[in-house]
Amino acid sequence: MRRRSQKGSMPYAAGRGFGRFSRLVLVVGLGLCSLTARATCENTDPVPNMQSPYAEGWGIDHRNTRYQPASSIDASNASTLTLKWVYGLASTTPRAYPLITEDTVFVGDGGRGLVALDRATGCERWVHEHTGAIASAILPGRIDERDILIFNDRTQGMYAVDARDGQLIWHAVVKDEPVPWYSGTPLVTEHAVFLPVASLEVGLAANPFYGCCTTSGGMAAFDIRTGKKLWYLPTIEAQAQVTGSHFFGFVQKHGPSGAAVWGAPSYDAKRDWLFFGTGQNFTHPTTDTSDAIFAVEAKTGKIVWVHQFTKNDAYTAACNIKALNHPNCAEPTGPDVDFGAATMLLQTRSGRELLIGGQKSADVHAMDPATGSTVWTTRLGRGGIIGGVHWGMAANESLGLLYVPISDKEVKGFPAPGTPTPGLYALDLETGEKRWTWTRESRCAEEECVFGLSSAIIAANNIVVTGSIDGYLDVVAADTGRLLWSHDAWRDYKAVNGVATRGGAFDAHGPMLADDLLVVTSGYGYVGRQRGGNALLVFQVEADK
Amino acid sequence: MSDGLFLAGRFRRLVATVIDAILVPTLTVVLVMIAGVVEHAEDYTDNWWMLWVFLLAIASYLLLNGYGLWRHGQTVGKQVMGVAIVPASSGGDGQYGREPAPLWKLICVRALFFPLLFVSVVPWIALLPLVDQLLIFMKSRRCLHDLVSGTVVVRLRPQ
């Protein structure tokens, strides 16, 4: 009986010579490998070099072009991209966008905090311990001669740390709103940091005993030296009033509310203006500042112009359970088509300036940045509550092309009209006309998952890099949309830090290009039916090809 | 001991628990709504609202069950199902007396296990309510909360 049990538990051991001695050798070998790896990391210089960060903001530049001018990856060598190292993040659903310098990768590491990793090896230089979740791009800045890094925790606020050692310099919160949600990445200039403000109310409304809703989205400016507030601009100026009640009058309803700011602002250095988009209202009455693009003076926060694209759009998480006739769901409802993606200030090949806004309705709008008047609008998909255009687009101004990822994600219980057309679209920047479309077969026909391009994308040279919800990272040719390289992230990885690591959906801030590297987090499972994971993937292109 | 009471059946106890598990949260929700402790955005600037909800849940439990436990050793669910909580020391040979267990034990020791039914999703204590409830399958039909508080649950009508 005992012999049978042993055989059953170790089928490979019987008669194949893979016995106790072999296992001992294996264990000792793995231990030595681990010690070797640790010894290698012990030699890591704790001080990162900050001479040349490969991005100055979420949009790589302040205009949010999402074009990386300092990448050596192009159509001729993209096929040689290989996995250089993988870092296992401390939690799934990574939402931090890495910053890369000549020798370091900075990234939010789940509940551990902000980590500085040696770009060549993935070894840790330092960690700034933070118990929340870093949920923005990591931004470089300077205070006098001191290099700093700025990032958001979604609920706890904005932080500035010393880039040399990760020591906290200041922590800023928005006190003008009771429940701010720091979802959008700030924009850092020489003297100020501009922080987009959304509101937790969009989720609190799911509680039927919550008196929805009283808060506004906004934009705040802070002194980069001290973290002190310079100004705050709510996107709804009017104070919310009681508009009704439910549950026998015990729970009051309020409005107007909402118009959250979800995306990073773009900056017009010539005019010293900020541009940003807003989301829908949470309740009625709706305002003329929801689903709109704002232009404001960076110095004062004074509104220059506001252009609303969708009127009368009121929606919260309460509407996600509309079958229950949720009392906090605005009536009439939706369609929930915010400007979640960051605005882009671009220049056409004829020299014309355009401000671009991508909407969850799948509409892309080009505006005159001076006035906000519409130059062209192109619709690319069906749209829906997860986009349409969701996180962000990219541009190649020298080719005169705007690249638009369309999610059109199927959300159970939310049948949107029309046929979903997820994919990557290239538009003529001058006219908004479609130049090419790229999509591919979804694996979701055979597996339980969803497809779509929800993640922000990035461009460089003559390539565009995009990641899909169903776990493929793709490089396509910028001029034709031809697929050049692809990586399937639905797998387990061996991470340099020894953490069990799994890939999953590509979503949120998307891929980063820097020098010869392609860096991306995988496993964004925040939204329904997306495969979670915890991988930071660093790909490198071969030299001389 | 011929007039003694016998241990209550497991099914009766289960139904009694289900009734209490519906009534107490329902009253809590009503009190939360009346008090308005989760109604305003300002309530969520810190975590005090959680304490308020917890205190209102305790108030609901006492409002519904306080008198019954004091006088008869019964929650509403147990009254409906004809069972009561008595001291384990009140009997022998499988029969027990009718005198209710002391109120302080029922509130300060036994009732502490009640909220666990609703927090089993918290990972580090997820097993405790499971262990508590599974002990009902012992011969003595005493859950962990019975053992800790020195009580048994008996059927009031003779069998």
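Biologist: Where is A:Asn312 found?

Modeller: This is a predicted model, so read each value as computed. A:Asn312 is found in the loop between β22 and β23 of chain A.

Biologist: What is the sign of phi at A:Asn312?

Modeller: The general idea comes first. Most residues other than glycine have a negative phi, and most peptide bonds are trans. A:Asn312 is not a glycine, yet its phi is positive, about 60°. With 17 C-beta neighbours inside 10 Å, A:Asn312 counts as partly exposed, because buried requires 20 or more and exposed 12 or fewer.

Biologist: Which residue in the loop between β15 and β16 of chain A should I look at next?

Modeller: Take A:Phe247, which is found in that loop, between β15 (241-246) and β16 (251-255). Phi of A:Phe247 is near 55°, a positive value in a residue other than glycine. A:Phe247 has 14 C-beta neighbours inside 10 Å, so it counts as partly exposed.

Biologist: And the peptide bonds? What kind joins A:Glu331 and A:Pro332?

Modeller: A cis bond, with omega about 0°. A:Pro332 is found in the loop between β22 (303-308) and β23 of chain A. A cis bond also joins A:His284 and A:Pro285, with omega about 0°. A:Pro285 sits in the loop between β20 (281-283) and β21 (292-297) of chain A.

Biologist: Now sheets. In what order do the four strands of the open sheet with β23 of chain A run?

Modeller: The order is β23-β24-β25-β26, with antiparallel pairing. The edges are β23 (344-347) and β26 (374-379) of chain A, each pairing on one side only. From one strand to the next the twist averages 25°.

Biologist: How many bridges link β24 and β25 of chain A?

Modeller: Four, between residues 353-358 and residues 363-367, in the antiparallel sense. To fix the register, find A:Gly357: it stands opposite A:His365 in β25(A).

Biologist: How do I read the two faces of a strand?

Modeller: In a regular strand the side chains alternate between the two faces of the sheet. Try β38(A). A:Leu517, A:Val519 and A:Thr521 point one way, A:Leu518, A:Val520 and A:Ser522 the other way, and all are buried.

Biologist: Why is β38 of chain A described as largely enclosed?

Modeller: Six of its six residues (517-522) are buried, so the rest of the structure largely encloses this strand.

Biologist: Which strands pair with β38(A)?

Modeller: β37 (residues 512-514) of chain A pairs with β38(A) over three antiparallel bridges. In that pairing A:Ala514 stands opposite A:Leu517. The two strands form a hairpin with two residues between them, and A:Asp515 in the turn has a positive phi of about 60°. β39 (residues 535-540) of chain A is joined to β38(A) by six bridges, also antiparallel. There A:Leu518 has A:Phe539 as its bridge partner.

Biologist: What should I look for in a core?

Modeller: In soluble globular proteins, nonpolar side chains tend to be buried together. Here the largest nonpolar core has 167 residues, and A:Ile138, A:Tyr403 and A:Ile463 touch the most other members. The largest share of this core, six residues, comes from β12 (residues 192-199) of chain A. A second, separate core of 16 residues includes B:Val83, B:Tyr96, B:Val152 and B:Val153.

Biologist: What pattern does chain B follow along its sequence?

Modeller: The pattern is α-α-α-β-α-α-α-β, from six helices and two strands. Buried residues make up 26% of the 159 residues in chain B.

Biologist: How does the span of α1(B) check out against its 26 residues?

Modeller: At 1.5 Å a residue, helix α1 (residues 10-35) should span 38 Å; the end C-alpha atoms are 37 Å apart, which agrees. Among its buried residues are B:Ala16, B:Val24 and B:Val32. The buried residues of α1(B) pack against α2 (48-72), α3 (76-81), β1 (83-87) and β2 (151-155) of chain B. After α1(B) comes B:Gly36, with a positive phi near 65°.

Biologist: Is B:Val131 buried or exposed?

Modeller: Exposed, because B:Val131 has 10 C-beta neighbours inside 10 Å. B:Val131 lies in α5 (residues 127-134) of chain B.

Biologist: Finally, how many residues of chain A are in contact with chain B?

Modeller: 14 residues of chain A are in contact with ten residues of chain B. By class, the chain A side has nine nonpolar, four polar and one charged residues.

How values were computed
Residues are numbered from 1 along each chain as its sequence is written. Chains are lettered from A and ligands numbered from 1 in the order in which they are written. This is a predicted model: local features need pLDDT of at least 70, side-chain atom pairs count only at pLDDT 80 or more; totals for chains, interfaces and linings use all residues. Two strands pair if DSSP finds at least two bridges between them. Axes are lines fitted to C-alpha atoms, for helices over the stretch in contact, and angles run from 0 to 180 degrees between N-to-C directions. The expected span of a helix is 1.5 Å times one less than its number of residues. Two residues are in contact if their C-beta atoms, placed from the backbone, lie within 7 Å. A nonpolar core is a set of buried Ala, Val, Leu, Ile, Met, Phe, Trp, Tyr and Cys residues joined through C-beta atoms within 7 Å. Ala, Val, Leu, Ile, Met, Phe, Trp, Tyr, Cys and Pro count as nonpolar, Asp, Glu, Lys and Arg as charged, and the others, Gly among them, as polar.
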